[in-house]
Amino acid sequence: DPSRLRGRGAWVDDGRMVYHHGAYLTIDGVTEDVTSISSRYVYELRKSLPTDPADKPMSSEEGEELVELAKLFRWTKPGSAALLAGWVALAPECGALRWRPHIWLTGGAGCGKSTVLNDYCHLLMGGCDVFAQGNSSEAGIRQKLGADALPVLYDESEQNDDREKARVQAILSLIRQSSTESDAQTLKGTAGGDAMAFHIRSMFCLASIQVGMRHQADVERLAVLALRPKRDDEDAAGTWATISGSLARMKHDKDLPARLLRRALDLLPVTLENIKVFARVAAKRFGSQRDGDQYGTLLAGCWSLTSTQVATEEQALELLESYDWSEHMESSDADESVKALAALMERGIRVGSSEMSVYQIVRDAAGPGSVGSERTADEVLARHGMRVKTEGGKPRLMLSNTSENLRALLSDTPYGADLRGLLLRLPGADRCGNRVERFGGARSKCISISLEEVLQAGPADDRYDPPAF
């Protein structure tokens with residue numbers, strides 16, 4: 001049964017902590033042959049990973065040095081250092097995690113992204129990772145991994161044209177699939193008619209100048225770690241001298257990745273308990289279980305570098321409160337339904353010889369004035385499946401369920417497929433009692449939104465004229 005195959009990497013097998021090195025297994029710290037384990041899973045003999053665990057694990061003092069080195073990079077927010085260190089600590093054991101957080105390094109040219117990716121992350125993996133360039137495809141990464149549970153580093157993940165955008169979006173789809181532990185598989189057809197099944201259990205680290213996450217599901221799974229440009233550092237030369245010296249000492253220590261791997265394997269049961277503690281505390285702090293899983297898991301990894309004990313909730317909260325999370329949380333604070341409403345309000349509609357946003361037309365329809373000498377605001381809205389109507393003494397925006405023009409306004413956005421469903425999640429939204437309303441010459445069932453929500457969502461600029469070409 002191919003679904004029972006387990007490749008190289010860390011696994012939890014009936015309560016046992018198993019690490020598949022390729023040519024042999026480590027089961028709860030004891031070296032065994034790949035054929036000696038009694039399990040419903042098949043650990044396939046593979047090419048050995050380039051780094052074997054050291055006999056002696058990395059000490060907590062050495063782990064503290066790794067965290068301090070991560071702090072030397074020019075982060076826009078200091079909390080990014082803890083998240084980076086946490087990713088490095090957890091990546092070797094990503095196959096054993098129930099939730100796999102990912103990170104995206106970003107910043108302008110020359111800010112140090114490649115240094116972080118190559119000389120910190122990749123070096124500490126000891127070759128037990130998949131290191132892909134930006135022109136690598138989702139299919140290539142997926143087939144390279146096979147049944148392995150190894151971390152993936154993806155450099156130069158830019159989106160400068162449609163082709164690159166499509167490639168990176170496919171990678172993000174793969175990341176979404178790998179985040180949660182489940183029995184669901186990725187199935188791909190082949191020319192021979194036999195489907196190929198994949199079960200990705202990797203943690204990803206991406207690096208690029210631009211961050212192109214279009215979907216809320218990606219925002220919740222990838223922590224964006226932003227670096228400041230060199231010009232923002234008053235002593236850029238001194239900072240680089242300190243960083244390069246620390247990186248050189250780390251590179252000179254050939255056994256460091258092996259000791260890190262040994263520490264990760266020895267502490268895996270403790271780390272799994274710490275993840276529960278940090279995720280619970282972070283969920284209370286951020287008000288979202290998904291944010292708790294994402295940031296709590298990474299902070300538990302950071303904790304595992306400096307301590308061999310299970311953290312108390314007080315200790316977890318102390319570490320959490322020692323950083324400013326405003327930048328990391330700003331992209332996840334906005335609900336997807338609010339973003340969909342804002343996208344609709346920003347869309348432009350041509351009115352006579354000028355172009356106006358939907359927000360401006362709705363605002364005119366709700367009050368005195370019109371949008372032009374030829375058509376009133378109500379007529380323009382009705383033509384696009386919308387109208388403003390007062391119910392219970394309060395104005396509301398009605399949106400047709402069947403208007404093709406309304407769908408076309410957001411057809412090229414992530415919200416076009418289910419605009420109605422997204423808008424119904426807004427506070428106060430309803431289905432208008434399932435009754436039929438008239439939109440211009442057509443009658444249709446509709447939904448309605450409080451006009452207060454609409455006026456809060458749109459831009460405040462006045463009518464503008466498009467440039468003449």
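## Second largest pocket and the strand 3 hairpins

The second largest pocket has a volume of about 270 Å³. Thirteen residues line it; Glu65, Leu66, Ser246, Arg249 and Met250 lie closest to its centre. The model is a predicted one.

Which helices each supply at least two residues of this lining? They are helix 1 (60–72), helix 7 (236–252) and helix 8 (256–266). Helix 1 gives the most, with six residues. By class, the lining of the second largest pocket holds six nonpolar residues, six charged residues and one polar residue.

Now to the strands. Strand 3 spans residues 16–20 and is mostly covered. Four of its five residues are buried. Strand 3 pairs with strand 2 (residues 9–13) in the antiparallel sense. Strand 3 also runs antiparallel to strand 4 (residues 24–27). The table sets out the two pairings.

| Strand pair | Bridges | Residues between the strands | Turn residue and phi |
|---|---|---|---|
| Strand 2 and strand 3 | five bridges | two residues | Asp14, positive, near 50 degrees |
| Strand 3 and strand 4 | three bridges | three residues | Gly22, positive, about 110 degrees |

Single residue pairs can be placed in this picture. Val12 has Met17 of strand 3 as its bridge partner. His20 stands opposite Leu25 in strand 4.

Both hairpins involve strand 3: one with strand 2, the other with strand 4. A positive phi occurs at Asp14 in the hairpin of strand 2 and strand 3, and at Gly22 in the turn between strand 3 and strand 4.

Note on methods. Residues are numbered from 1 along each chain as its sequence is written. This is a predicted model: local features need pLDDT of at least 70, side-chain atom pairs count only at pLDDT 80 or more; totals for chains, interfaces and linings use all residues. Side-chain values use heavy atoms; hydrogens and water are left out. On a 1 Å grid over the protein atoms alone, a cavity is a set of points where a 1.4 Å probe fits but cannot get out, and a pocket is an open set with protein on both sides within 12 Å along at least five of seven lines; lining residues have an atom within 4 Å of a point. Grid points are joined across faces, edges and corners, and a volume is the space filled by probe spheres set on the points. Ala, Val, Leu, Ile, Met, Phe, Trp, Tyr, Cys and Pro count as nonpolar, Asp, Glu, Lys and Arg as charged, and the others, Gly among them, as polar. Buried means under 20% relative accessible area, exposed over 50%, partly exposed in between (1.4 Å probe, protein chains only). Two strands pair if DSSP finds at least two bridges between them.
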